Amino acid sequence: MKENKLTKGKVAGVIANLVMVDVDGPVSQNEICYIMLEDVKLMAEVIKVLEKRAYIQVFESTRGLRVGTDVEFTKGMLEVTLGPGILSRNYDGLQHDLNKMEGVFLQRGDYTSALDDDRMWSFTPVAKKGDPVAAGDWLGEVDENGQPHKIMVPFKFTGKYKVKSVIDKGEYTINETIAVLLDSEEKEVPVTMVQKWPVKVPIKAYKNKPRPFKLLETGVRTMDTLNPIVEGGTGFIPGPFGSGKTVLQHAISKQAEADIVVVAACGERANEVVEIFAEFPEIDDPRTGRKLMERTTIIANTSNMPVAAREASVYTAMTLAEYYRAMGLRVLLLADSTSRWAQALREMSNRMEELPGPDAFPMDLPAIISNFYSRAGYVYLNNGESGSITFIGTVSPAGGNLKEPVTESTKKAARCFYALSQQRADSKRYPAIDPIDSYSKYIEYPELQEYLKKNVGENWVENVLKIKNILIRGKEASEQINILGDDGVPIGYHVDFWKSEVIDFVILQQDAFDEVDRSSPIQRQKYMLEKVLNVYDTGFEFGSFEEVNPYFKRIINEFKQMNFSDYESDRFYKHEKELFNIIDEKKIA
Amino acid sequence: METKAFQKIYTKITQITKATCSLNADGVGYEELALVHGRLAQVVKIQGQSVTLQVFGGTEGIPSNAEVTFYGRPPTLKVSDDLAGRFFNSFGLPIDGGPEVEGDEREIGGPSVNPVRRKQPSELIATGIAGIDLNNTLVTGQKIPFFADPDQPFNQVMAMVALRAKCNKIILGGMGLTNDDYLYFKNVFDNAGVLDRIVSFVNTTEDPPVERLLVPDMALTAAEYFAVDRNEDVLVLLTDMTLYADALSIVSNRMDQIPSKDSMPGSLYSDLAKIYEKAVQFPEGGSITIIAVTTLSGGDITHAIPDNTGYITEGQLFLRRDTDIGKVIIDPFRSLSRLKQLVIGKKTREDHPQVMNTAVRLYADAANARTKLENGFDLTDYDERTLNFAREYSEKLLAIDVNIDIKAMLDTGWELFSTHFRPEEVGMREELVEKYWPKKE
């Protein structure tokens with residue numbers, strides 16, 4: 001670009017939040033511009049250019065917008081502000097701080113700043129004079145809610161730099177210069193604690209991205225035991241409405257072994273976000289002794305907020321996650337729901353009169369989804385430390401049909417598939433993750449198997465595979481019983497079926513609202529799994545099939561009481577003892 | 001709605017479809033109101049000079065030289081306490097013969113509540129219907145539809161719920177109501193002597209369908225007045241949202257938009273969400289609760305309208321005829337109240353969650369037993385008992401004619417468990433069984 005003149009334009013047409021602008025200069029795809037309404041500026045993004053006409057999607061309501069209104073372009077893409085103070089904040093999809101906005105109702109054009117300019121942070125230098133550095137390298141650190149928040153060489157810096165000076169330990173605001181670097185031409189470049197980054201571009205300030213290999217504990221048995229997710233892994237949860245997607249995601253966000261949690265509430269119900277706002281500041285984080293909210297950032301773009309900002313919200317969330325990953329932290333990113341994001345893309349594509357793909361979604365939907373999922377991952381940073389983004393998205397398939405485009409595209413991108421089943425939800429078997437349809441590709445990774453053997457138990461992987469087989473056999477037995485009738489099959493079929501029911505009730509089902517049962521540490525899961533396998537390996541003697549059901553109901557009851565009791569408490573062992581007694585009644589010696 | 005003096009009159013319409021017309025005009029704002037040949041219309045598209053208007057009353061008989069004037073503002077409603085007790089049409093004009101309401105003029109379809117300013121809903125709404133209070137407890141600030149086939153008594157159940165709920169105002173938004181149903185609501189409210197706390201915006205089947213699009217926004221603008229300015233608890237009844245969505249699809253079709261699933265516009269989710277998300281618990285005490293009706297076709301909830309609705313609302317109440325007892329029940333499997341967790345066992349007795357879950361699980365066992373029976377297999381003793389349990393459960397708790405308080409519902413639950421099952425068969429928490437299992441002499 002020769003001169004520094006910013007492009008201007010005038011509104012030429014309006015269809016809902018798609019606005020056509022006639023421009024007087026160059027514009028670029030995804031450039032941010034502002035529509036200068038009489039009293040407010042409305043933020044918008046270029047999504048198509050046709051000669052002198054730019055098509056922009058407005059992140060706000062376009063009510064009252066007239067032809068001829070001035071538009072100013074900024075040359076920049078949609079960017080987030082990165083620096084200390086992101087944690088425990090509630091942002092909208094464009095990283096405006098919701099708490100700083102005035103009034104009960106959202107007013108369009110009310111753009112609040114993402115960080116606090118006057119807050120003091122206690123800074124400790126990490127780099128020394130003369131150190132060679134590059135984008136993403138750590139210069140110093142501040143304490144952000146107990147997390148070591150690294151101040152890094154801005155990601156936008158390309159090439160090699162040398163540290164000229166780093167400020168002494170002390171209290172500073174985010175805008176003070178904390179270091180001066182020298183570029184390859186020995187020119188001085190000042191660095192503050194804040195930097196900006198365009199959300200649609202992945203942050204790649206790391207050395208390499210190995211295959212993930214560490215189990216990420218979530219406390220949810222049917223995930224950890226049967227289909228584990230890993231640090232830096234990707235997973236998705238499709239399910240019809242009412243099957244418990246959100247409850248499951250909330251449970252994961254509360255319990256998972258992560259340093260930082262970023263929640264993108266994307267086009268979902270406002271009251272669900274309110275639940276997080278209300279609960280997270282109250283819940284203790286057992287690992288830090290602080291409140292859960294202190295390690296959490298929420299990006300709330302609920303279903304009634306402008307559609308275009310919904311699309312931006314998932315990218316904003318991912319970029320914040322990448323920022324914390326570059327500090328060597330374990331980040332968990334949850335997006336509820338990625339279908340709403342896809343629908344936002346569909347609405348725009350529709351207004352632009354593009355030729356539609358399946359179900360009127362844009363043709364490049366699969367590519368967009370897989371690009372997004374690929375931004376997660378476990379990484380080794382340039383200094384040898386590691387960081388990770390584990391990403392779990394929910395999908396809300398239209399009509400509960402898993403053959404729709406968003407589910408199918410996501411299935412190609414995510415490595416874990418947690419299918420929520422309407423049938424399980426109807427019979428209140430929560431979490432309603434279907435144990436047979438769901439899968440985790442990670443359990444096939446030798447790296448993870450090695451890790452599990454070392455950290456959970458020598459036989460763990462074997463036992464898990466065994467459990468899966470028992471479940472399949474139980475399902476087959478139940479189908480046979482349904483076809484042939486209770487007395488049309490050998491008693492053994494009933495026993496097989498009920499042994500799989502024990503697994504269902506004891507391992508798979510978990511009460512997300514019970515103080516004790518809601519979260520189960522992996523060691524406890526191991527203990528219970530072994531006990532359940534004990535029952536499986538026992539031979540039982542029954543006189544008739546009618547004895548089978550009531551007998552196993554008693555076994556399940558004792559197991560459930562164990563699940564409801566504190567681990568290794570007297571009550572826990574009391575029920576375990578009772579369980580042994582029941583087993584002995586029918587055991588074949 | 002008076003027009004302003006000295007305004008420009010256009011007389012050259014360039015395009016007329018069944019629901020829209022276009023003309024060349026200057027300085028028109030998006031979503032602005034206009035008057036076309038004496039009919040209200042709204043700007044839905046501006047492309048350079050050309051402005052497309054959605055004509056609410058339909059375009060029948062509009063000539064290409066019709067007079068068109070613009071209001072210079074989007075649709076509004078005048079709000080004040082005088083709204084109470086009145087009946088209006090889709091444009092907010094009285095249809096009860098009374099005078100126009102004076103008050104503060106507000107744009108309808110206004111901005112959303114900042115999510116961080118919302119309060120978590122926590123007040124239970126008791127209805128006396130166990131299918132709701134026990135299994136799908138409602139909370140102020142919630143939004144929930146009835147899913148029902150057109151032949152089911154959803155308007156009656158909704159009116160019953162509205163009258164029993166403790167709220168300051170009831171706002172009825174009727175879309176495509178038959179004249180009979182309109183009179184039914186009017187009579188019920190009149191007979192209950194509550195007309196002074198009802199506000200109605202009604203579009204009947206006699207009115208043009210596109211007019212319906214204004215009804216929810218009118219009703220909710222009135223609701224926001226009472227909930228925000230007056231700190232009142234407001235219950236909004238929207239019936240029937242399926243007809244609302246049909247009107248949306250008519251307009252998008254006339255505008256040549258590419259339809260997505262079931263011929264619905266691609267923006268259906270956002271359009272419905274904008275309405276339902278107006279349900280809120282305000283920090284200052286007022287609240288808006290929305291109870292809606294979505295009629296289904298043959299119980300099919302995978303159709304785009306109920307499907308998108310289900311993803312937006314906080315649950316759904318599914319009506320079904322139980323042939324065993326010959327009554328309409330609230331189906332425990334397909335119904336759900338997402339906000340019940342905020343009150344059950346907290347505002348109600350501690351055993352509420354477990355009684356609720358156990359009963360539904362046993363009801364599911366009964367459904368399995370019924371399948372066996374239908375397939376001609378022998379039933380076990382347990383199967384027989386679940387079937388007996390299910391019949392009584394349906395009769396005493398699920399039927400919509402039940403009217404008891406929540407404590408009585410819980411006691412009935414325990415009574416049914418102990419009549420048909422042994423404690424170890426129900427798999428409930430030991431302490432609760434000890435405390436509540438009826439002791440038999």
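This is a short talk on how helices pack, and how two chains meet, in a predicted model.

Okay, so keep in mind throughout that we're looking at a prediction. Let me start with chain B as a whole. Its secondary structure comes to 12 helices and 20 strands. Along the principal axes, the C-alpha atoms of chain B fill a box of roughly 90 × 50 × 40 Å. How does the radius of gyration sit with a compact globule? For 441 residues you'd look for something near 22 Å, and chain B has 25 Å, which agrees. As for burial, 53% of the residues of chain B count as buried. And if you take contacts in chain B between residues at least 6 apart in sequence, 71% of them join residues at least 24 apart.

Now, helix pairs. Two packed helices get described by the angle between their axes and the distance between those axes, so that's what I'll give you.

First up, α6 and α7 of chain B, which are residues 268-276 and 304-312. Their axes are 9 Å apart and the packing angle is about 50°. That makes α6(B) oblique to α7(B), and the crossing is right-handed. On the α6(B) side you've got Leu268(B), Tyr269(B), Leu272(B), Ala273(B) and Tyr276(B), and on the α7(B) side Ala304(B), Asn308(B), Thr309(B) and Ile312(B). Which classes turn up there? Seven nonpolar residues, two polar and no charged ones.

Next, further along chain B, α9 (residues 381-398) and α10 (residues 406-420). Here the axes come within 10 Å and cross at roughly 160°, so by the over-145-degrees rule these two are roughly antiparallel. The crossing of α9(B) past α10(B) is right-handed. From α9(B) the contact takes Arg385(B), Asn388(B), Phe389(B), Glu392(B), Tyr393(B), Lys396(B) and Leu397(B); from α10(B) it takes Met409(B), Thr412(B), Leu416(B) and His420(B). By class, that's five nonpolar, three polar and three charged residues.

Over to chain A for one more pair: α10 (residues 460-484) and α11 (residues 491-508). The axes are 8 Å apart, at an angle of about 130°. That makes α10(A) oblique to α11(A). Which hand does the crossing have? It's left-handed. Among the residues that meet are Ile467(A), Ile470(A), Leu471(A) and Arg473(A) from α10(A), with Tyr493(A), His494(A), Asp496(A) and Phe497(A) from α11(A). The class count for this contact is eight nonpolar, five polar and five charged.

While we're in chain A, have a look at α3, residues 270-279. Eight of its 10 residues are buried, so this helix is largely enclosed by the rest of the structure. The buried ones run Ala270(A), Asn271(A), Glu272(A), Val273(A), Val274(A), Glu275(A), Ile276(A) and Phe277(A). What covers them? The cover includes β8 (90-91), α2 (245-255), β19 (260-266) and β20 (296-301) of chain A.

Last bit, the contact between the chains. How many residues does each one put in? Chain B gives 61 and chain A gives 64. On the chain B side, β4 (39-47), α6, α7, α8 (352-374), α9 and α11 (423-426) each supply at least two residues. You'll recognise α6, α7 and α9 from the pairs we just went through. By class, the side of chain B that touches chain A has 25 nonpolar, 20 polar and 16 charged residues.

That's it from me.

Definitions and conventions: Residues are numbered from 1 along each chain as its sequence is written. Chains are lettered from A and ligands numbered from 1 in the order in which they are written. This is a predicted model: local features need pLDDT of at least 70, side-chain atom pairs count only at pLDDT 80 or more; totals for chains, interfaces and linings use all residues. Axes are lines fitted to C-alpha atoms, for helices over the stretch in contact, and angles run from 0 to 180 degrees between N-to-C directions. Helices (H or I, at least four residues) and strands (E, at least two) are DSSP runs, numbered from the N terminus. Angles under 35 degrees count as roughly parallel, over 145 as roughly antiparallel, 65 to 115 as roughly perpendicular and the rest as oblique. A crossing is left-handed if the near helix is turned anticlockwise from the far one by less than a right angle, and right-handed if clockwise. Two residues are in contact if their C-beta atoms, placed from the backbone, lie within 7 Å. Ala, Val, Leu, Ile, Met, Phe, Trp, Tyr, Cys and Pro count as nonpolar, Asp, Glu, Lys and Arg as charged, and the others, Gly among them, as polar. The radius of gyration is taken over C-alpha atoms; the globule rule is 2.2 Å times the number of residues to the power 0.38. A residue is buried if 20 or more other C-beta atoms lie within 10 Å of its own, exposed if 12 or fewer, and partly exposed in between; C-beta atoms are placed from the backbone.
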